[in-house]
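Visitor: I am new to reading protein models. Could you walk me through this one and tell me how each label is earned?

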Amino acid sequence: RIVYVNGEFLPEDAACLSVFDRGVLFADAVYEVTAVVDGGMVDFEAHQQRLCRSLAELGIDFDLRAAGLLELHRELIRRNALNEGLVYLQVSRGVADRSFLQPTTCQPSVVLFTQAQSLLETAATGTGLRVITQPDLRWHRRDIKTTQLLYPSMMKTLAVEQGADDVWMVEGGTVTEGSSSNAHIIRADGALVTRPTSPDILHGITRAAVLDYSRETGAAVIERPFTVAEAQQAREAFITSATAFVTPVVAVDGVAIGDGRPGPATHRIRSHYIQRSRERLQY
Ligand code: PMP
(Lines give C-alpha, C1' and ligand atoms only; values in the text may rest on other atoms or scores of the structure.)
Protein backbone atom coordinates (compact mmCIF):
# COMPACT_ATOMS: atom_id res chain seq x y z
CA ARG A 1 0.00 0.00 0.00
CA ILE A 2 1.12 3.53 -0.73
CA VAL A 3 0.35 6.07 1.99
CA TYR A 4 0.77 9.84 2.21
CA VAL A 5 2.66 11.51 5.06
CA ASN A 6 3.58 15.17 5.23
CA GLY A 7 4.15 15.84 1.56
CA GLU A 8 5.32 12.41 0.42
CA PHE A 9 3.75 9.31 -1.09
CA LEU A 10 5.59 6.32 0.38
CA PRO A 11 5.27 2.55 0.77
CA GLU A 12 3.51 2.03 4.13
CA ASP A 13 6.64 0.46 5.73
CA ALA A 14 8.70 3.54 4.90
CA ALA A 15 6.16 6.09 6.17
CA CYS A 16 6.66 7.48 9.66
CA LEU A 17 5.41 10.05 12.10
CA SER A 18 7.44 11.56 14.97
CA VAL A 19 7.00 10.02 18.43
CA PHE A 20 6.55 13.64 19.55
CA ASP A 21 3.59 14.18 17.25
CA ARG A 22 0.74 15.56 19.38
CA GLY A 23 -1.58 13.17 17.61
CA VAL A 24 0.40 10.31 19.16
CA LEU A 25 0.83 11.84 22.64
CA PHE A 26 -2.46 13.69 23.19
CA ALA A 27 -4.85 12.50 20.45
CA ASP A 28 -4.53 16.15 19.43
CA ALA A 29 -5.73 15.34 15.93
CA VAL A 30 -8.86 15.20 13.82
CA TYR A 31 -9.79 12.84 11.04
CA GLU A 32 -12.25 12.02 8.29
CA VAL A 33 -13.17 8.78 6.57
CA THR A 34 -14.51 9.05 3.03
CA ALA A 35 -16.10 6.07 1.30
CA VAL A 36 -14.88 5.06 -2.16
CA VAL A 37 -17.24 3.30 -4.57
CA ASP A 38 -16.48 2.60 -8.25
CA GLY A 39 -13.18 4.42 -7.65
CA GLY A 40 -15.00 7.67 -6.76
CA MET A 41 -15.59 9.41 -3.43
CA VAL A 42 -18.91 9.78 -1.60
CA ASP A 43 -19.76 13.22 -0.17
CA PHE A 44 -16.17 14.48 -0.35
CA GLU A 45 -17.19 18.12 0.05
CA ALA A 46 -19.28 17.48 3.19
CA HIS A 47 -16.35 15.65 4.81
CA GLN A 48 -14.06 18.59 4.01
CA GLN A 49 -16.49 21.00 5.62
CA ARG A 50 -16.70 18.91 8.77
CA LEU A 51 -12.90 18.64 8.89
CA CYS A 52 -12.70 22.41 8.63
CA ARG A 53 -15.09 22.74 11.58
CA SER A 54 -13.21 20.16 13.71
CA LEU A 55 -9.91 21.96 13.06
CA ALA A 56 -11.44 25.31 14.00
CA GLU A 57 -12.94 23.90 17.22
CA LEU A 58 -9.48 22.67 18.31
CA GLY A 59 -7.71 25.77 17.04
CA ILE A 60 -5.43 23.78 14.72
CA ASP A 61 -4.12 26.24 12.18
CA PHE A 62 -4.25 24.32 8.91
CA ASP A 63 -4.86 25.83 5.50
CA LEU A 64 -7.31 23.39 3.91
CA ARG A 65 -7.23 25.15 0.55
CA ALA A 66 -3.45 25.18 0.31
CA ALA A 67 -3.29 21.52 1.31
CA GLY A 68 -4.95 20.40 -1.93
CA LEU A 69 -6.73 17.55 -0.20
CA LEU A 70 -8.93 16.65 -3.16
CA GLU A 71 -5.81 16.09 -5.28
CA LEU A 72 -4.19 14.03 -2.51
CA HIS A 73 -7.29 11.84 -2.20
CA ARG A 74 -7.45 11.33 -5.97
CA GLU A 75 -3.76 10.54 -6.21
CA LEU A 76 -3.87 8.03 -3.36
CA ILE A 77 -6.90 6.27 -4.87
CA ARG A 78 -5.04 6.13 -8.20
CA ARG A 79 -1.75 4.88 -6.75
CA ASN A 80 -3.51 2.15 -4.79
CA ALA A 81 -5.90 1.28 -7.64
CA LEU A 82 -8.69 1.55 -5.09
CA ASN A 83 -12.12 0.67 -6.43
CA GLU A 84 -14.11 0.14 -3.23
CA GLY A 85 -13.18 1.00 0.34
CA LEU A 86 -12.18 4.17 2.10
CA VAL A 87 -9.71 7.00 2.37
CA TYR A 88 -8.63 7.90 5.91
CA LEU A 89 -7.33 11.43 6.47
CA GLN A 90 -5.80 12.66 9.72
CA VAL A 91 -4.50 16.11 10.60
CA SER A 92 -2.72 16.55 13.93
CA ARG A 93 -1.53 19.76 15.54
CA GLY A 94 2.03 18.67 14.75
CA VAL A 95 5.31 17.92 16.52
CA ALA A 96 6.39 19.66 19.75
CA ASP A 97 8.10 18.84 23.05
CA ARG A 98 5.57 17.07 25.24
CA SER A 99 3.61 19.68 27.18
CA PHE A 100 -0.04 20.09 28.14
CA LEU A 101 0.22 23.66 26.95
CA GLN A 102 -0.56 23.67 23.26
CA PRO A 103 2.32 25.02 21.16
CA THR A 104 1.53 28.09 19.12
CA THR A 105 4.08 27.45 16.42
CA CYS A 106 3.51 24.03 15.07
CA GLN A 107 3.30 22.58 11.56
CA PRO A 108 0.27 20.24 11.33
CA SER A 109 1.02 16.64 10.33
CA VAL A 110 -1.08 15.17 7.54
CA VAL A 111 -1.57 11.46 6.97
CA LEU A 112 -3.73 9.73 4.37
CA PHE A 113 -4.14 6.05 3.62
CA THR A 114 -6.58 3.84 1.81
CA GLN A 115 -8.25 0.65 2.92
CA ALA A 116 -9.81 -1.71 0.36
CA GLN A 117 -13.09 -3.03 1.72
CA SER A 118 -16.48 -4.23 0.44
CA LEU A 119 -19.05 -1.57 1.22
CA LEU A 120 -21.90 -2.34 -1.16
CA GLU A 121 -22.22 -6.06 -0.44
CA THR A 122 -21.83 -6.84 3.25
CA ALA A 123 -23.04 -9.67 5.47
CA ALA A 124 -24.48 -7.18 7.97
CA THR A 125 -26.89 -5.80 5.37
CA GLY A 126 -28.53 -9.21 5.10
CA THR A 127 -28.43 -10.30 8.71
CA GLY A 128 -28.66 -6.98 10.54
CA LEU A 129 -26.63 -5.99 13.58
CA ARG A 130 -27.24 -6.96 17.19
CA VAL A 131 -26.28 -4.15 19.54
CA ILE A 132 -25.91 -4.00 23.30
CA THR A 133 -26.20 -0.79 25.30
CA GLN A 134 -23.48 0.70 27.46
CA PRO A 135 -23.16 4.01 29.30
CA ASP A 136 -21.67 6.79 27.19
CA LEU A 137 -18.55 7.75 29.12
CA ARG A 138 -16.88 9.79 26.37
CA TRP A 139 -16.02 13.47 26.73
CA HIS A 140 -18.69 16.04 25.97
CA ARG A 141 -17.45 17.32 22.61
CA ARG A 142 -18.38 14.35 20.47
CA ASP A 143 -19.21 16.74 17.65
CA ILE A 144 -15.48 17.24 17.08
CA LYS A 145 -14.11 14.30 15.09
CA THR A 146 -10.93 13.71 17.11
CA THR A 147 -8.75 10.58 17.14
CA GLN A 148 -9.50 10.14 20.84
CA LEU A 149 -11.36 6.88 20.22
CA LEU A 150 -10.31 4.68 23.14
CA TYR A 151 -13.73 4.38 24.80
CA PRO A 152 -15.72 3.54 21.66
CA SER A 153 -13.00 1.03 20.71
CA MET A 154 -13.28 -0.60 24.17
CA MET A 155 -17.06 -0.73 23.85
CA LYS A 156 -16.99 -2.23 20.35
CA THR A 157 -14.62 -4.92 21.66
CA LEU A 158 -16.84 -5.58 24.67
CA ALA A 159 -19.87 -5.99 22.39
CA VAL A 160 -18.08 -8.55 20.22
CA GLU A 161 -16.79 -10.40 23.32
CA GLN A 162 -20.43 -10.66 24.44
CA GLY A 163 -21.52 -12.13 21.12
CA ALA A 164 -23.07 -8.91 19.73
CA ASP A 165 -21.89 -6.74 16.86
CA ASP A 166 -21.70 -3.26 18.34
CA VAL A 167 -22.86 -0.93 21.11
CA TRP A 168 -25.36 1.84 21.33
CA MET A 169 -24.19 4.24 24.00
CA VAL A 170 -26.70 5.66 26.47
CA GLU A 171 -26.64 8.88 28.46
CA GLY A 172 -29.40 10.26 30.69
CA GLY A 173 -31.68 7.42 29.64
CA THR A 174 -31.43 8.02 25.88
CA VAL A 175 -29.29 6.58 23.10
CA THR A 176 -26.51 8.87 21.92
CA GLU A 177 -24.89 6.90 19.08
CA GLY A 178 -23.01 3.75 18.11
CA SER A 179 -19.27 3.23 18.57
CA SER A 180 -18.69 4.67 15.09
CA SER A 181 -22.14 5.41 13.71
CA ASN A 182 -25.34 7.37 14.30
CA ALA A 183 -28.39 5.53 15.64
CA HIS A 184 -31.93 5.74 14.24
CA ILE A 185 -35.30 4.05 14.74
CA ILE A 186 -38.48 3.84 12.69
CA ARG A 187 -41.57 3.93 14.85
CA ALA A 188 -44.67 1.80 14.35
CA ASP A 189 -46.33 4.80 12.59
CA GLY A 190 -43.42 5.02 10.11
CA ALA A 191 -41.78 8.14 11.57
CA LEU A 192 -38.00 8.19 11.62
CA VAL A 193 -36.73 9.21 15.06
CA THR A 194 -33.12 10.26 15.53
CA ARG A 195 -31.17 12.31 18.04
CA PRO A 196 -30.73 15.98 17.05
CA THR A 197 -27.23 17.26 16.40
CA SER A 198 -25.56 18.78 19.48
CA PRO A 199 -22.18 18.32 21.19
CA ASP A 200 -23.55 14.92 22.34
CA ILE A 201 -22.99 13.21 18.98
CA LEU A 202 -20.93 13.37 15.83
CA HIS A 203 -22.81 15.24 13.12
CA GLY A 204 -22.80 12.35 10.66
CA ILE A 205 -22.56 13.11 6.97
CA THR A 206 -24.54 9.94 6.21
CA ARG A 207 -27.11 10.90 8.86
CA ALA A 208 -27.69 14.25 7.16
CA ALA A 209 -28.06 12.65 3.71
CA VAL A 210 -30.54 10.08 5.03
CA LEU A 211 -32.65 12.74 6.77
CA ASP A 212 -32.75 14.82 3.58
CA TYR A 213 -33.92 11.81 1.60
CA SER A 214 -36.54 10.81 4.16
CA ARG A 215 -37.97 14.34 4.22
CA GLU A 216 -38.03 14.44 0.39
CA THR A 217 -40.10 11.27 0.30
CA GLY A 218 -42.60 12.81 2.71
CA ALA A 219 -41.68 10.59 5.67
CA ALA A 220 -42.03 12.14 9.12
CA VAL A 221 -38.60 12.87 10.58
CA ILE A 222 -38.50 13.61 14.29
CA GLU A 223 -35.21 14.82 15.70
CA ARG A 224 -35.32 14.02 19.38
CA PRO A 225 -33.49 11.63 21.72
CA PHE A 226 -35.07 8.17 22.09
CA THR A 227 -34.83 5.65 24.92
CA VAL A 228 -33.62 2.05 24.80
CA ALA A 229 -37.22 0.90 25.46
CA GLU A 230 -38.46 2.93 22.47
CA ALA A 231 -35.79 1.33 20.30
CA GLN A 232 -36.84 -2.12 21.47
CA GLN A 233 -40.48 -1.34 20.58
CA ALA A 234 -39.63 0.25 17.23
CA ARG A 235 -40.67 -1.27 13.92
CA GLU A 236 -37.12 -0.98 12.54
CA ALA A 237 -33.76 0.36 13.61
CA PHE A 238 -30.57 1.16 11.75
CA ILE A 239 -27.20 2.86 11.93
CA THR A 240 -25.54 5.23 9.49
CA SER A 241 -21.87 5.91 8.77
CA ALA A 242 -19.66 6.73 5.82
CA THR A 243 -18.58 3.09 5.42
CA ALA A 244 -21.62 1.21 6.79
CA PHE A 245 -23.93 3.45 4.72
CA VAL A 246 -27.31 2.41 6.17
CA THR A 247 -27.15 -0.90 8.06
CA PRO A 248 -30.10 -2.54 9.82
CA VAL A 249 -30.11 -3.19 13.57
CA VAL A 250 -32.20 -6.23 14.50
CA ALA A 251 -31.75 -6.50 18.27
CA VAL A 252 -31.03 -4.19 21.18
CA ASP A 253 -29.85 -5.88 24.40
CA GLY A 254 -31.18 -9.21 23.13
CA VAL A 255 -34.68 -7.85 22.38
CA ALA A 256 -35.66 -8.30 18.73
CA ILE A 257 -36.68 -5.21 16.77
CA GLY A 258 -39.88 -5.90 14.82
CA ASP A 259 -39.69 -9.48 13.59
CA GLY A 260 -35.96 -9.60 14.25
CA ARG A 261 -35.03 -9.23 10.59
CA PRO A 262 -33.88 -6.21 8.56
CA GLY A 263 -36.95 -4.15 7.68
CA PRO A 264 -38.22 -2.84 4.33
CA ALA A 265 -37.91 0.88 5.17
CA THR A 266 -34.25 0.43 6.15
CA HIS A 267 -33.67 -1.48 2.92
CA ARG A 268 -35.30 1.32 0.90
CA ILE A 269 -33.27 4.02 2.61
CA ARG A 270 -30.03 2.08 2.07
CA SER A 271 -30.79 1.48 -1.62
CA HIS A 272 -31.62 5.11 -2.17
CA TYR A 273 -28.55 6.32 -0.29
CA ILE A 274 -26.31 4.11 -2.44
CA GLN A 275 -28.02 5.16 -5.67
CA ARG A 276 -27.78 8.85 -4.82
CA SER A 277 -24.14 8.49 -3.78
CA ARG A 278 -23.23 6.71 -7.00
CA GLU A 279 -24.91 9.41 -9.07
CA ARG A 280 -22.63 12.08 -7.67
CA LEU A 281 -19.29 10.46 -6.97
CA GLN A 282 -16.31 12.80 -6.77
CA TYR A 283 -13.49 11.72 -9.07
N1 PMP B 1 -20.80 8.81 15.19
C2 PMP B 1 -19.54 8.42 15.47
C3 PMP B 1 -19.09 8.38 16.89
C4 PMP B 1 -18.67 8.06 14.42
O5 PMP B 1 -17.41 7.69 14.70
C6 PMP B 1 -19.14 8.08 13.08
C7 PMP B 1 -18.27 7.65 11.93
N8 PMP B 1 -17.07 8.33 11.86
C9 PMP B 1 -20.46 8.49 12.85
C10 PMP B 1 -21.26 8.85 13.92
C11 PMP B 1 -21.02 8.55 11.46
O12 PMP B 1 -20.59 9.70 10.75
P13 PMP B 1 -20.44 9.70 9.17
O14 PMP B 1 -21.79 9.35 8.61
O15 PMP B 1 -20.05 11.09 8.84
O16 PMP B 1 -19.41 8.67 8.86
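**A guided look at the model**

Guide: Happy to! In this predicted model, 13 residues surround the ligand, and the closest are Leu-202, Gly-204, Ile-205, Thr-206 and Ala-242. The elements giving two or more residues to this shell are helix 7 and strand 13.

Visitor: Which element gives the most to the shell around the ligand?

Guide: Helix 7 does, with three residues.

Visitor: What classes of residue make up the shell around the ligand?

Guide: There are four nonpolar, seven polar and two charged residues in the shell. Gly counts as polar in this scheme, and Gly-204 is one of the closest residues to the ligand.

Visitor: Why is His-184 called buried?

Guide: The label needs 20 or more other C-beta atoms within 10 Å. His-184 has 29 such neighbours, so it counts as buried. You will find His-184 in strand 10, residues 182–186.

Visitor: Which residues is His-184 in contact with, leaving aside its neighbours within four places in sequence?

Guide: They are Leu-192, Thr-194, Ala-237, Phe-238 and Thr-240. Contact here asks for C-beta atoms within 7 Å. The C-alpha atoms of His-184 and Thr-240 are separated by 8.0 Å, although their places lie 56 residues apart along the chain count.

Visitor: Why is Leu-119 called partly exposed?

Guide: A residue is exposed at 12 or fewer neighbours and buried at 20 or more, with partly exposed in between. Leu-119 has 19 other C-beta atoms within 10 Å, so it is partly exposed. Leu-119 sits in the loop between strand 6 (109–116) and helix 5. Beyond its neighbours within four places in sequence, its contacts are Ala-35, Val-37, Glu-84, Thr-243 and Phe-245.

Visitor: What makes the phi of Phe-245 worth pointing out?

Guide: Most residues other than glycine have a negative phi. Phe-245 is not a glycine, yet its phi is positive, near 55 degrees. Phe-245 lies in strand 14, residues 245–252.

Visitor: Is Phe-245 buried or exposed, and how do you know?

Guide: The cut-off for buried is 20, and Phe-245 has 25 other C-beta atoms within 10 Å, so it is buried.

Visitor: What about Asp-253, and which label does it get?

Guide: Asp-253 also has a positive phi, about 50 degrees, although it is not a glycine. It belongs to the loop between strand 14 and strand 15 (255–256). With 14 C-beta neighbours inside 10 Å, it falls between the two cut-offs and therefore counts as partly exposed.

Visitor: How do you know that the span of helix 2 agrees with what is expected?

Guide: Helix 2 has 15 residues, and at 1.5 Å a residue they should span 21 Å. Its end C-alpha atoms are 21 Å apart, so the two values agree. After helix 2 comes Gly-59, with a positive phi near 65 degrees.

Visitor: Why are the buried residues of helix 2 said to be on the same side?

Guide: The buried residues are Phe-44, His-47, Arg-50, Leu-51, Ser-54 and Leu-55. They cover an arc of only 140 degrees around the axis, which puts them on the same side of helix 2. What covers them includes strand 3, strand 4 (40–41), helix 4 (69–79), strand 5 and helix 7.

Visitor: What makes the buried residues of helix 9 line one face?

Guide: Thr-266, Ile-269, Arg-270 and Ser-277 are the buried ones. Seen down the axis, they fall within an arc of 100 degrees, so they line one face of helix 9. The face turned away from them carries the exposed residues Pro-264, Ser-271, Gln-275 and Glu-279. The buried residues pack against strand 3, helix 5 (123–127), helix 7 (205–216), strand 13 (236–241) and strand 14.

Visitor: Where do the two domains lie along the chain?

Guide: The domain assignment gives domain 1 as 2–116 and domain 2 as 123–278. Their contact takes 21 residues from domain 1 and twelve residues from domain 2.

Visitor: Which element gives the most to the side of domain 1 that touches domain 2?

Guide: Strand 3 does, with eight residues. By class, that side of domain 1 has eleven nonpolar, five polar and five charged residues.

Conventions. Residues are numbered from 1 along each chain as its sequence is written. This is a predicted model: local features need pLDDT of at least 70, side-chain atom pairs count only at pLDDT 80 or more; totals for chains, interfaces and linings use all residues. Domain bounds come from an automatic or database domain assignment. Two residues are in contact if their C-beta atoms, placed from the backbone, lie within 7 Å. Helices (H or I, at least four residues) and strands (E, at least two) are DSSP runs, numbered from the N terminus. The arc is that of the directions from the helix axis to the C-beta atoms. A residue is near a molecule or strand if its C-beta atom, placed from the backbone, lies within 6 Å of it. The expected span of a helix is 1.5 Å times one less than its number of residues.
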